[in-house]
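The following questions and answers set computed values against the definitions behind the terms. The structure is shown first.

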Amino acid sequence: INLTTIIDFILLGFSDIPKFHGFLFGVFLVIYVVILLGNGIIILIIRVDPTLQTSMYFFLSNFSFLEICYVTVTLPRMLMDLWTPKGTISFFACATQMCFFLMLGAIECFLLAVMAYDRYVAICNPLHYPLIMNHKACIQLVAGCWISGIPVDIGQTYQIFSLPFCGSNEINHFFCDIPPVLKLACGDTFVNEMLVCVFGILFVTVPFVLILGSYSRIISTILKLPSNTGRTKAFSTCSSHLIVVVLFYGSATITYLKPKSNQYEGTDKLLSLFYTILSPMFNPIIYSLRNKD
């Protein structure tokens with residue numbers, strides 16, 4: 001069989017609604033600016049304010065920096081495609097985008113788990129909190145989050161793009177995500193799909209279970225507090241993080257675990273927009289509201 005090797009892909013993005021490209025470009029440009037400003041201001045304030053030099057805000061500043069990197073992987077490319085609707089992306093650029101998207105997504109899962117552990121220690125072991133969550137331990141935890149997923153995600157991306165691609169080169173998405181790229185691969189992709197599931201369990205499910213375990217202990221401890229004021233204060237310190245976890249994991253889980261079908265591709269794009277773009281935009285607002293510090 002004669003196969004034509006693909007050297008370029010076409011990101012279809014929102015090509016089905018060309019009349020709204022100008023409007024979408026303006027909306028997403030404003031969202032990108034808001035994300036950069038919102039998360040950048042959080043980083044700046046935490047850096048310059050001596051009263052915010054605690055482990056909780058150290059993790060929050062790293063999380064805000066991560067959100068800036070995370071959204072920069074997909075949004076500038078989408079803005080360019082809306083401005084010049086060609087959508088062509090090279091094989092190497094597509095692989096690079098997927099690799100960074102996977103790495104930053106894994107880092108976010110780990111960092112959310114670390115932030116939940118920080119709240120667990122603060123509420124369940126308050127007397128030992130300064131000793132356990134000292135500056136050295138915080139740096140080690142953050143470094144572990146940033147380093148842990150890099151080799152595996154590079155290997156996963158290499159394996160996916162080592163597959164033969166032939167026939168259609170149109171990716172029905174606004175960035176190079178795993179499911180739409182695998183649809184274009186020739187031959188049997190069962191092994192690759194199983195490895196995606198394994199890596200998903202390792203980098204998504206395990207951190208989520210750790211988050212659930214932390215919050216089950218936190219809620220149990222809060223309910224045992226004698227005063228309503230104490231319970232309210234304790235819950236307010238972790239409510240923002242809990243909302244962010246629900247938004248990120250909820251939309252991502254629905255996207256990747258629901259049945260795969262062509263009729264859901266439009267829904268996939270909307271859900272992907274939520275956890276790749278809208279969630280990073282809401283995070284500075286969520287962490288700022290009801291936060292007196």
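**Terms and values**

The chain holds 10 helices and 3 strands; helices (H or I, at least four residues) and strands (E, at least two) are DSSP runs, numbered from the N terminus. The model is predicted: local features need pLDDT of at least 70 and side-chain atom pairs count only at pLDDT 80 or more, whereas totals for chains, interfaces and linings use all residues. Residues are numbered from 1 along each chain as its sequence is written, and side-chain values use heavy atoms, with hydrogens and water left out.

Q: What makes the chain as compact as a globular protein of its length?
A: The radius of gyration, taken over C-alpha atoms, is set against the globule rule, 2.2 Å times the number of residues to the power 0.38. The chain has a radius of gyration of 21 Å, and the rule gives 19 Å for 293 residues; the two values are close, so the chain is as compact as a globular protein of that length. Its C-alpha trace spans about 70 × 40 × 35 Å along the principal axes.

Q: Why is the pair Cys-94 and Cys-176 called a disulfide?
A: The term requires a pair of cysteine sulfur atoms within 2.5 Å. The sulfur atoms of Cys-94 and Cys-176 are 2.0 Å apart, and the pair forms a disulfide. A search of the whole structure finds 1 disulfide. Cys-94 lies in helix H3 (residues 91-124) and Cys-176 in the loop between strand E3 (170-171) and helix H7 (178-182), so the link ties together parts that are 82 residues apart in sequence. The angle about the S-S bond is -125°, and the link of Cys-94 and Cys-176 is left-handed.

Q: Why is Cys-145 not bonded to the closest cysteine sulfur?
A: The closest cysteine sulfur to that of Cys-145 belongs to Cys-109 and is 10 Å away, which is too far for a bond.

Q: Is Cys-145 buried or exposed, and how is this known?
A: Buried means under 20% relative accessible area, exposed over 50%, and partly exposed in between (1.4 Å probe, protein chains only). Cys-145 has a relative accessible area of 4% and is therefore buried. Cys-124, at 18%, is buried as well. Over the chain, buried residues make up 46% of the 293 residues.

Q: What makes E1 a partner of both E2 and E3?
A: Two strands pair if DSSP finds at least two bridges between them. Strand E1 (residues 8-11) and E3 have 2 bridges and pair in the parallel sense, while 3 bridges join E1 to E2 in an antiparallel run. The order of the open sheet is E2-E1-E3, and the pairing is mixed. Phe-9 stands opposite Ile-89 in E2, and Leu-11 has Ile-171 in E3 as its bridge partner.

Q: Why do E2 and E3 stand at the edges?
A: Strand E2 (88-90) and E3 each have a single partner strand, so one side of each is left without a neighbour in the sheet.

Q: How do the side chains along E1 divide between the two faces?
A: Phe-9 and Leu-11 point to one face and are buried, whereas Asp-8 and Ile-10 point to the other and are not buried.
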